[in-house]
Every structure is written in structure tokens, then in C-alpha cells.
Amino acid sequence: MDYDDIVKGRRRNWESLKPDEIRKKEKEAERERKREEEEKHGKRSVGYFEKRQRMVDEARERDLAKYRQTIRLIAIGLGAFAFLVVTITATSALLRMRRMSIYQAKASEYDTAVLSGERIRDYSDPVSAFASWRGAWIDTDPDAIIESYSNTYKELLEPSGNMNALRARYASMVQSGALEATRDIAISFLDPELFRIPSRPWRHEQLALLRSQPFERFTTSSEEESVFRYMIAFSYDSRSESWRFADLREEVYFSVRWQDEGQIRPLQGPARATRYDSTGRPLN
């Protein structure tokens with residue numbers, strides 16, 4: 001019976017009846033089909049991994065671009081900040097120099113005015129307050145001297161608060177010549193160094209410092225000890241918006257770390273007085 005005729009029939013177990021050549025061809029065809037499928041599957045796998053790697057590379061490039069942009073923005077921000085700081089610092093320095101030059105010119109004018117006998121009664125700034133204090137002492141006017149004092153300093157001199165008693169005591173000292181030593185200092189306090197003049201806004205009891213030119217003390221001690229300077233301090237009173245005398249002593253006994261009048265320590269006798277270095281640190 002021919003194979004094709006058998007296939008056309010109704011029997012179902014045809015595989016055992018297939019000729020060997022047909023089964024061989026079918027197996028080869030099946031193997032070829034599987035090989036093609038495997039190749040296609042391999043190509044699909046390669047394409048997936050390549051695509052994934054490309055996505056990873058693109059994401060890395062995007063992150064790197066963002067990082068570079070962030071670094072540029074930070075660099076620009078730091079540069080702008082540095083420029084702002086330099087500008088502010090330079091501007092502040094220029095303003096301070098201008099302010100100090102104005103005060104220095106005013107101090108020179110006051111020197112001439114006070115020595116010519118002109119009475120200054122201006123407490124609107126530290127330099128004017130110094131000229132007012134100096135003129136009061138040169139004239140040895142008890143009322144003007146006490147007027148130049150801060151409220152805290154007057155309380156130290158007269159704890160009872162009796163200003164009439166304080167004026168009477170000063171008038172008596174003027175008559176007796178007990179104030180001549182301070183008057184001599186005021187006369188010699190020419191061309192003061194504006195050691196520390198605070199900028200506005202001023203706070204209550206804030207200190208301004210002026211330093212004298214070198215004085216000579218005629219003693220048998222060494223040359224280093226015979227030359228000294230005075231430091232004079234003025235305190236701001238926010239209630240009256242004025243500057244008033246707060247302290248006067250040799251520079252070595254005054255700490256430049258004192259910023260407010262309440263920090264000034266009473267001056268003791270020479271043997272017990274605390275000495276300070278140029279930075280305001282105690283030496284003993």
C-alpha cells in the first residue's frame with residue numbers, strides 16, 4: 001500500500017508507518033527549526049543587554065552633566081559670595097578711613113581752638129567730648145569738669161548722688177591746687193591718637209578710646225620706664241545721646257579689651273595696680 005494512500009486514510013498511528021527517509025528529513029527539519037529559534041533567541045538576548053547598557057550609559061552621562069552643572073553653579077555662587085565679601089570689606093574699610101579722617105581733622109581743629117581759649121561744649125561724638133573735657137580742665141572750671149563726666153563716673157566720685165557736694169569738693173580742690181596734675185595732662189594731651197572710635201549705631205555705655213602722644217617721666221629709672229602714654233575713655237549715654245568722660249590712666253593700666261564702661265576696673269595704687277599688655281591681657 002502506498003504511504004500517501006495510507007495517510008489519506010483514517011488510521012491515526014502513522015508515525016510507525018513513515019518511511020525512514022521521511023522521518024530523517026523531518027528530524028533534520030526539526031533540528032533546523034530549533035537551531036533557528038535558538039539563534040533568534042540569542043539575538044533577542046544580545047539586543048536586550050545592548051539596549052540596557054545604552055540606557056545605563058545615557059543615564060550616567062545625564063548624571064555627569066548634572067554634576068558638572070552643579071559644580072559650575074557652586075563655583076559661580078562661591079565666586080559671587082567672595083566678591084560680595086571683598087566688596088563689603090573694602091567698602092567698610094573705605095568708610096572707616098573716611099570717618100576716621102574726618103574725626104582726625106576735627107581733633108586737630110579742636111586742638112587749636114582749645115589752646116586759643118575757646119570753650120567747647122559738644123558731646124555729640126567722642127572727639128568733641130574729648131575737646132570739651134580738655135577745655136574744662138584747662139580752664140579749671142569745676143562745673144564744666146563735672147558736666148563732662150558720665151553718670152557712672154559721677155556715682156563713683158559721689159555715691160550719695162549729691163552733685164552739689166561734688167561741685168563744692170571740686171571747687172575746693174581747684175582752690176588748693178589739688179587738680180593741677182590732671183590739668184597738666186589735659187594741656188599736654190595734644191594731637192591725640194584716635195585709638196578706638198566705634199561706628200554707629202552706638203550702644204549704651206560703649207567705650208571710645210583716645211591715646212596721648214608719649215610723655216616723659218623724669219626719674220632715675222630706665223629710659224623704657226620713663227616714656228609712657230595716657231589712655232582716656234569716653235562712654236556713650238543712649239538716654240542723652242552724648243559721650244562723657246569715663247576714665248583716664250596710664251596706658252599700661254588700661255585694658256583695651258574693655259568695651260563697655262561697666263568693665264572698667266578701679267585703678268589701685270602703683271604697687272597693687274594690674275598692668276596690661278598691648279592686647280589687654282593682664283601681666284600680673
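Q: What counts as a helix or a strand?
A: Both are DSSP runs, numbered from the N terminus: H or I over at least four residues for a helix, E over at least two for a strand. The protein chain here has eight helices and six strands.

Q: What kind of model is this?
A: It is a predicted model: local features need pLDDT of at least 70 and side-chain atom pairs pLDDT 80 or more, while totals for chains, interfaces and linings use all residues. Residues are numbered from 1 along each chain as its sequence is written, and side-chain values use heavy atoms, leaving out hydrogens and water.

Q: In what order do the elements run?
A: Read the protein chain from the N terminus: α-α-α-α-α-α-α-β-β-β-α-β-β-β.

Q: Is Ile74 buried or exposed?
A: Buried means under 20% relative accessible area, exposed over 50%, partly exposed in between (1.4 Å probe, protein chains only). Ile74 has 46% relative accessibility, so it counts as partly exposed. Find Ile74 in helix α2, residues 20-115. Across the protein chain, buried residues make up 31% of the 284 residues.

Q: What span does helix α3 reach?
A: The expected span is 1.5 Å times one less than the number of residues. Helix α3 covers residues 126-138, 13 residues in total. From first C-alpha to last, α3 reaches 18 Å, close to the 18 Å expected.

Q: Why is α3 described as largely enclosed?
A: Count its buried residues. They come to 13 of the 13, so the rest of the structure largely encloses α3.

Q: Which residue follows α3?
A: Thr140 follows α3, and its phi is positive, near 45 degrees.

Q: How many aromatic pairs are there?
A: Rings of Phe, Tyr and Trp (its six-membered ring) pair if their centres lie within 6.5 Å; planes under 30 degrees apart count as stacked, over 60 as edge-to-face, the rest as tilted. By this rule the count is 17. Take Tyr149 and Tyr153: 4.8 Å centre to centre, 70 degrees between the planes, edge-to-face. Tyr149 is buried at 3% relative accessible area. Tyr153 is buried too, at 18%.

Q: How are Phe254 and Trp258 arranged?
A: Their ring centres are 4.9 Å apart and their planes lie at 70 degrees, so this pair is edge-to-face. Phe254 is buried, with a relative accessible area of 1%. Trp258 counts as buried at 7%.

Q: Which residues form one aromatic cluster?
A: Look for Phe130, Trp133, Tyr149, Tyr153, Tyr170, Phe189, Phe234 and Phe245.
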